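Biologist: Could you take me through one part of this model up close? I'm new to this, so plain words please.

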Amino acid sequence: MSSGTTTVLVRNDGAFGVNANSVATSSLSDFESQEDSILLPGETPYSVELAERLSKKNFIAISFSKFADGRGYSWAKNLRDRFGFQGTLRATGDILVDQLLYYSRVGFDELELSEGQKVESALRALGRYKEFYQPAAGETSQEST
Amino acid sequence: MYLYNDKDKAIVQSRVDEFEDQVARRMSGELSEDMFRPLRLMNGLYLQRHAYMLRVAIPYGLLSSKQVRALAEIADKYDQGYGHITTRQNIQYNWPKLRDAPAILQKLADVEMHAIQTSGNCIRNTTSDPLAGVAKDEVVDPRPYAEALRQWSTFHPEFAYLPRKFKIAITGATEDRAAILAHDIGLRVVEKEGQVGFEYYVGGGLGRTPILGSLINEFLPAKELLRYTEAVLRVYNQWGNRENKYKARIKILVRKLGPAEFGKLVDTEWAEVKNERPLLSDKEIENFKQYFTEPNYETLPDVAAKELSDNKSFATWYNQNTRPHRKNGYRAVYLSLKRPGQAPGDVTSEQLRNIADLADRYSFGETRTTHEQNLVLADVKESELFALWADLRKYSFATANLYTLTDMICCPGLDYCALANAGSIEVADNITKHFDDEEKNLELGDIHLKMSGCINACGHHHVGHIGILGVNKKGKEFYQIMLGGSAGNDGSLGEWIGPAFSKDDVHLALERILDRYREIKEDGERFLDTYRRVGRAPFKEAAYV
């Protein structure tokens with residue numbers, strides 16, 4: 001991730017912000033480095049062992065090589081709900097503005113827009129729905145009506 | 001009748017606003033067609049051969065007369081005056097314009113309808129038994145559980161980008177009228193020692209690789225429905241094939257691992273989900289049931305329509321197109337959308353209005369769509385059947401052909417579909433006209449004919465007692481015939497009988513096959529029974545002269 005990328009941040013309290021920070025991440029191949037952050041390709045086959053090791057980091061960026069590949073969503077959900085990951089979870093790569101709400105619901109708190117994607121469109125997409133049928137990652141249940 | 005609560009209304013309205021925004025961004029160029037494609041697909045908007053096609057969800061096939069009238073209005077205002085009932089109980093419009101799509105969705109939202117997740121690689125509309133809640137052979141009403149699945153799967157954030165589309169069907173009756181074995185997940189609601197639960201099938205599906213679903217859980221307690229289903233979907237999302245779209249359905253994963261091994265993966269995942277999600281509570285299940293309260297039935301004697309004894313034509317229709325009801329003095333009535341000159345499943349705006357009026361007059365203002373592309377009035381008094389029959393005749397819904405040869409399932413084919421290799425509607429019409437003889441057709445008895453215009457098998461040809469597949473050879477349309485399939489309790493996949501027939505010969509080949517059936521059938525045998533007894537050879541011999 002190059003510096004100067006516009007990053008739309010979603011915070012857990014539901015507020016949104018925009019900054020231009022970019023966090024250095026090391027790749028899975030140098031997992032044992034001292035880096036506290038890691039870049040996880042969303043298509044990485046799921047394993048309990050890897051999830052446990054990942055959950056000890058402070059920052060995980062899950063990259064989507066294709067927006068239609070949904071595996072990264074399950075990674076995020078499991079890291080949050082099953083492995084108690086408390087650090088920052090960022091979605092990066094080929095992600096669409098209209099997917100941002102789903103990313104935030106499965107536990108991502110930072111979403112990195114690619115060039116040409118409009119922040120206003122992103123914020124609109126994130127804030128549009130007020131009601132949900134399912135609990136988000138981290139919520140235990142959604143009172144059914 | 002299902003009514004939206006405030007939450008449903010808010011969610012559907014947000015969807016309308018969202019799609020309006022997306023269409024505006026597409027039109028301004030902010031979204032490329034590649035970016036827009038998945039968004040419109042999750043709203044049921046396909047780009048077809050000539051125009052866009054919009055598929056509208058009809059959860060479990062239930063429609064109020066008010067909704068039916070709105071569908072008619074949409075057909076007139078935004079389409080060419082008709083719609084098409086699909087094999088998954090939805091309705092689709094073949095001619096809407098992209099710029100009109102937001103207005104259509106608003107019109108739908110105003111009557112508590114939508115097109116959410118009617119296409120795309122996500123969990124589609126859950127389908128069910130068109131006689132749910134009224135069927136005499138029903139053990140448990142499946143609709144509250146279908147509704148639990150509907151809510152859970154609607155905008156599920158984790159399962160919106162699956163390897164491929166995902167379809168769930170649920171029945172609670174002894175006879176399977178929802179084709180559960182042809183679905184990614186098929187559920188049968190059962191009762192065991194006073195507990196409600198599900199027989200849970202996975203990995204059924206047709207298309208290029210037809211496979212019937214496998215039983216992976218003999219009795220899943222009802223309260224576990226969503227936790228277990230979440231586990232199935234997560235295993236699929238993580239391990240389904242994403243390299244090749246023709247190997248991406250869950251059926252391929254289940255077949256590769258074997259149902260037992262797949263079931264083990266699900267069990268491991270389920271054990272984790274149990275720590276993360278609560279069971280469905282009694283209160284929640286009770287709430288889901290409240291959506292499906294029964295209409296205001298009268299207490300009536302158990303007496304059949306009195307006109308049966310003196311009107312043969314009425315009696316024929318009664319026997320063929322109506323079904324017993326669990327309430328004394330009521331029947332469930334099928335309206336046949338199959339007759340010469342009408343594409344199977346097509347319904348005009350005028351017909352829709354007539355249906356709405358009939359629903360109001362005879363059946364508590366409700367109608368239902370069926371997997372076989374017909375309609376049902378589920379709660380008609382025996383004493384009013386004769387009057388209803390007269391009205392149905394007036395509107396041409398009274399063809400006494402339910403589950404006979406001319407009551408065929410048929411995809412839209414080459415006339416509309418961008419995927420099709422061959423026309424299906426013209427062949428359907430040839431068959432309907434050729435066999436348009438009530439007595440002859442009824443004598444042939446229970447025959448499920450299913451036809452697709454390409455190998456994607458939207459017309460379910462693999463599970464037809466007789467299946468027809470359109471193919472294209474050097475620019476000409478030909479039709480292969482298969483025999484012996486079934487989508488019911490005795491589910492099976494058909495077998496090809498041999499080389500394809502030309503378009504003008506399909507109905508004649510059928511006649512030769514059915515003549516052979518008449519010659520060799522034993523007492524009480526359906527076509528399928530005879531086929532299973534004698535095998536393919538006698539029919540093959542008859543078909544190719």
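Modeller: Sure, let's look around Arg143(B), and keep in mind that this is a predicted model. If we skip its neighbours within four places in sequence, Arg143(B) is in contact with Leu62(B), Ala132(B), Gly133(B), Phe292(B) and Arg368(B). Arg143(B) itself sits in helix α5 of chain B, which covers residues 143–153. Is Arg143(B) buried or exposed? Its relative accessibility is 8%, and anything under 20% is called buried, so Arg143(B) counts as buried. Its side chain also has a polar contact of 2.7 Å with the side chain of Asp141(B).

Now let's move on to a sheet in chain B. Five strands form this open sheet, in the order β3-β14-β15-β12-β11, and their pairing is antiparallel. Why do β3 (62–64) and β11 (322–324) of chain B each have one side without a neighbour in the sheet? These two stand at the edges with a single partner strand each, so one side is left free of a neighbour. From one strand to the next, the twist averages 30°.

Let's zoom in on one of those edges. Here β11(B) is joined by three bridges to β12 of chain B, residues 330–335, and the two run antiparallel. Across that pair, Arg323(B) stands opposite Ala332(B) in β12(B).

There's a helix to add, too: α11 of chain B, residues 349–362, lies across β12, β14 (366–369) and β15 (375–381) of chain B. Helix α11 runs at about 25° to β15(B).

How values were computed: Residues are numbered from 1 along each chain as its sequence is written. Chains are lettered from A and ligands numbered from 1 in the order in which they are written. This is a predicted model: local features need pLDDT of at least 70, side-chain atom pairs count only at pLDDT 80 or more; totals for chains, interfaces and linings use all residues. Side-chain values use heavy atoms; hydrogens and water are left out. Two strands pair if DSSP finds at least two bridges between them. Helices (H or I, at least four residues) and strands (E, at least two) are DSSP runs, numbered from the N terminus. Axes are lines fitted to C-alpha atoms, for helices over the stretch in contact, and angles run from 0 to 180 degrees between N-to-C directions. Contact means heavy atoms within 4.5 Å. Buried means under 20% relative accessible area, exposed over 50%, partly exposed in between (1.4 Å probe, protein chains only). A polar contact is a pair of N or O atoms within 3.5 Å; within protein, one must be able to donate a hydrogen and the other to accept it, and residues adjacent in sequence count only if both atoms are side-chain atoms.
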